[in-house]
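Biologist: Please take a close look at one pair of packed helices in this model. I should then like to see how its description carries over to other places in the chain.

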Amino acid sequence: MTSVESTSFWQGPKSYLDDEILINKILLSHDPDGRRLDSETLLTAVENIMFYVTTTSEVSEKPNDANLKSHISNIELIGSPEPLAHTIYKIAHEMLCKCPGKGDPHTTTMVLFDLLGSYRWDAKVAIALAAFATSYCEFCLMMQLRPYSPLAVLIGNFKQLPSNMSMLKPQLKALNLLFKTMVNLTKCIIEFEGLPVEHVGSDLENLAEMKYSNIIIAAWELLSLDYRLSSIYSHLRQLVDAFRQQTEAKLQQKLVNLFKETHVDNQEVLQVLFCLKDDLPLKDCSAQEKVGVPGLKSKVVLLLFSKPDLLPLEQLFFLVHQTYDHPQRKKVEANYAIIWVPISVSETWTEAEKKLFNFLSNSMPFYSVRKPWSLNSVVINFMKQEWKYGDETIMVVLDSEGTITNLNALDMVFIWGPEAYPFSVSRENKLWDGQHWTMQLLTNEIHPILTQWVEEGRNICIYGSENLDWIREFSAKMEEIKDAGVQLEMIYVGKNNPDQHVKDILITINREIHSNLLSFTKLQLFWLRLESMRRSKYRLRNTAASNDHVLAEVLALLFNNDDNGWAVYGKGLSTGILRVQGNEIIQCLNLFQQWGENVAQLEFIGALRTVVQPPLLDGPCNHTEVFPFSQGLIEESIVCQKCKRLMKKFTIYQ
């Protein structure tokens with residue numbers, strides 16, 4: 001027998017029942033059927049009630065407004081055939097039905113255990129405490145109203161309540177202090193029940209069984225309102241603290257080993273991450289249903305870690321579009337799921353954070369952790385340390401076998417949407433390997449009309465500037481070219497990190513110059529995708545590779561310091577995108593009468609290129625380039641990167 005097992009619960013005389021007999025008797029009544037009660041929330045509600053019947057902060061801290069507004073119907077009870085209020089009433093009735101000093105208190109306590117037999121230990125004591133608190137507070141309320149209400153006087157007389165509370169002050173003060181011990185003991189039992197014993201190994205399960213005897217005795221004394229609770233609580237507190245430390249150490253090691261092992265599916269991984277306290281830890285936000293992790297079996301799971309405010313609204317809308325409203329989603333929607341895992345910026349969730357989480361989780365189409373403030377602290381610390389989560393939003397990818405395939409897929413989701421499935425690092429590399437700098441990549445899915453223009457192969461000019469005079473001059477020149485019969489669509493995108501000044505310019509453009517396709521929010525998404533491209537490239541290559549044309553163009557737009565502005569011209573899927581700085585493009589457009597005659601042969605962008613990038617060689621150029629086949633490549637004009645002249649095209653078959 002271990003020292004823990006043999007330690008007595010109290011130092012005074014023992015009950016007439018032997019501990020072992022008592023434990024066996026209580027265990028016969030303990031028959032949990034799977035129903036789950038949110039014991040912590042119920043206990044908080046009980047503390048709130050008791051605060052208003054005591055005059056000392058020793059019993060309960062002052063509740064905040066959010067807790068005062070909570071209703072018993074909001075306290076979660078899963079799997080019970082009767083409402084929580086009905087159960088509390090039955091227990092309170094049983095406590096009060098015996099006159100003081102009459103009957104056997106042990107028999108009465110066993111009746112309470114029988115009534116609560118279907119509940120877990122933490123629920124038993126929380127419900128019993130709630131029953132006691134409601135009965136006691138009803139008594140206090142009646143006594144407070146007697147001086148002011150004739151009805152209270154009549155009811156008090158009918159119930160044979162004392163007419164003067166002063167004679168009961170010593171007893172009530174002692175009872176209030178006893179209640180504090182009862183609350184602490186209940187918290188201890190709730191904490192013990194919440195420890196993930198079954199997930200961390202059989203050696204701790206044996207220790208847990210041994211310590212359950214202490215929990216049973218504590219529950220007995222609490223339900224029987226025994227006055228030896230203080231010594232019981234002190235002893236149990238030490239046991240639970242020691243056991244929690246052992247459990248946390250075991251859980252930490254299990255998490256480390258879990259992600260080194262190979263699994264047949266993702267269930268064990270998801271169970272350890274989310275199901276340590278709850279079998280239905282997730283919320284299907286679109287259906288507003290509580291769900292477990294079995295529904296995610298065989299799926300790629302994207303864990304979206306963030307602060308409770310998730311993302312700025314424009315980024316949040318774009319994330320929803322790229323994952324749930326995207327036209328290509330139907331091809332892969334059954335193969336993956338997103339779980340939002342919000343993490344508080346501090347160790348304790350504030351009411352403001354909870355309110356924000358509830359609002360957002362009820363508005364989003366993906367899964368979320370149902371009660372993120374209840375996640376195990378060891379699991380949260382593991383996520384922060386091993387998956388490098390700080391304050392920035394990340395998206396960790398688990399494949400269908402529970403293996404981590406990407407520590408942050410958020411950027412590739414912003415860039416490619418469902419096309420990025422299965423969102424692994426290898427998929428990200430593959431997408432970049434076949435990706436050219438095209439208007440499609442630059443503008444993909446920012447606006448449906450813009451996507452249509454790209455697919456139709458229209459000439460598109462995307463330009464940016466904070467100089468309204470330059471914008472007016474540039475737009476006037478472009479209108480002259482359009483009047484000459486050149487098809488061209490113009491889109492203003494402002495600058496990286498668009499601010500109020502850009503918003504004001506956009507209003508002026510729409511009012512005076514041309515109707516801009518993109519709203520201010522869409523401008524922000526344009527730059528968000530470019531920043532995502534930069535981060536994705538850097539993360540995969542770890543350096544700004546000098547021969548990476550796509551990265552070079554992305555950086556040129558993100559960090560463009562031209563005071564006047566810039567313009568990018570492209571067409572459909574063509575790789576012949578042309579970027580020109582502000583002063584240079586004005587000079588080139590002024591010469592349109594000279595090079596405009598080449599538009600018929602070279603098309604507009606090809607003709608403009610002959611001015612911006614004149615031929616580098618006087619004689620013939622023997623440079624050749626081989627391009628993999630892509631839609632529209634046969635029809636488009638390709639300019640030689642060495643001589644800047646139009647290239648002849650040949651088709652090669654392998």
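**A pair of packed helices and its setting**

Modeller: The axes of helix α22 (residues 520-541) and helix α23 (residues 549-558) come within 10 Å of each other and cross at roughly 135 degrees. Here an axis is a line fitted to C-alpha atoms, for helices over the stretch in contact, and angles run from 0 to 180 degrees between N-to-C directions. The model is a predicted one, in which local features need pLDDT of at least 70 and side-chain atom pairs count only at pLDDT 80 or more, while totals for chains, interfaces and linings use all residues. Residues are numbered from 1 along each chain as its sequence is written, and side-chain values use heavy atoms, with hydrogens and water left out.

With that crossing angle, α22 and α23 are oblique to each other (angles under 35 degrees count as roughly parallel, over 145 as roughly antiparallel, 65 to 115 as roughly perpendicular and the rest as oblique). The crossing of α22 and α23 is left-handed, a term for a near helix turned anticlockwise from the far one by less than a right angle, whereas clockwise would be right-handed. On the α22 side the contact (heavy atoms within 4.5 Å) is made by W527, L530, E531, M533, R534, K537 and Y538, and on the α23 side by V550, L551, V554, L555, L557 and L558. By class, ten of these residues are nonpolar, none polar and three charged (Ala, Val, Leu, Ile, Met, Phe, Trp, Tyr, Cys and Pro count as nonpolar, Asp, Glu, Lys and Arg as charged, and the others, Gly among them, as polar).

The same terms describe another pair. Helix α20 (residues 468-483) and helix α24 (residues 582-590) have axes that come within 10 Å and cross at roughly 30 degrees, and α20 and α24 are therefore roughly parallel to each other. The crossing of α20 and α24 is also left-handed. From α20, W470, E473, F474, K477, M478 and I481 meet G582, N583, I585, I586, L589 and N590 of α24. This contact of α20 with α24 has seven nonpolar, three polar and two charged residues.

One residue of α20, W470, leads to a neighbouring strand, since it is touched by G464. G464 lies in strand β10 (residues 459-464); helices (H or I, at least four residues) and strands (E, at least two) are DSSP runs numbered from the N terminus. Not counting residues up to four places away in sequence, G464 also touches Y492, V493, G494, N564, G565 and W566. G464 and A567 are 103 residues apart in sequence, yet 6.6 Å apart in space, C-alpha to C-alpha. G464 counts as buried because its relative accessibility is 1% (buried is under 20% relative accessible area, exposed over 50%, partly exposed in between, with a 1.4 Å probe and protein chains only).

Earlier in the chain, the axes of α5 and helix α7 (residues 121-145) come within 8 Å and cross at roughly 70 degrees, which makes α5 roughly perpendicular to α7. The crossing of α5 and α7 is right-handed. In α5, L84, T87, I88, I91, A92, M95 and L96 meet I127, A128, A130, A131, F132, T134 and S135 in α7. Eleven residues of this contact of α5 with α7 are nonpolar, three are polar and none is charged. S80 is placed in the loop between β2 (77-78) and α5 (84-96). Leaving aside its neighbours within four places in sequence, S80 is in contact with R35 and Y119.

Two further loops contain unusual backbone geometry. Most residues other than glycine have a negative phi, and most peptide bonds are trans. A cis peptide bond, with omega about 5 degrees, joins Y421 and P422, and P422 is found in the loop between α16 (410-416) and α17 (425-433). F423 belongs to that loop between α16 and α17 as well. Although F423 is not a glycine, its phi is positive, at about 70 degrees. F423 is buried, with a relative accessible area of 1%. K388, likewise not a glycine, has a positive phi of about 60 degrees and sits in the loop between α15 (377-386) and β8 (394-398). At 64% relative accessibility, K388 counts as exposed.

Taken as a whole, the chain has 26 helices and 13 strands, and 49% of its 654 residues count as buried.
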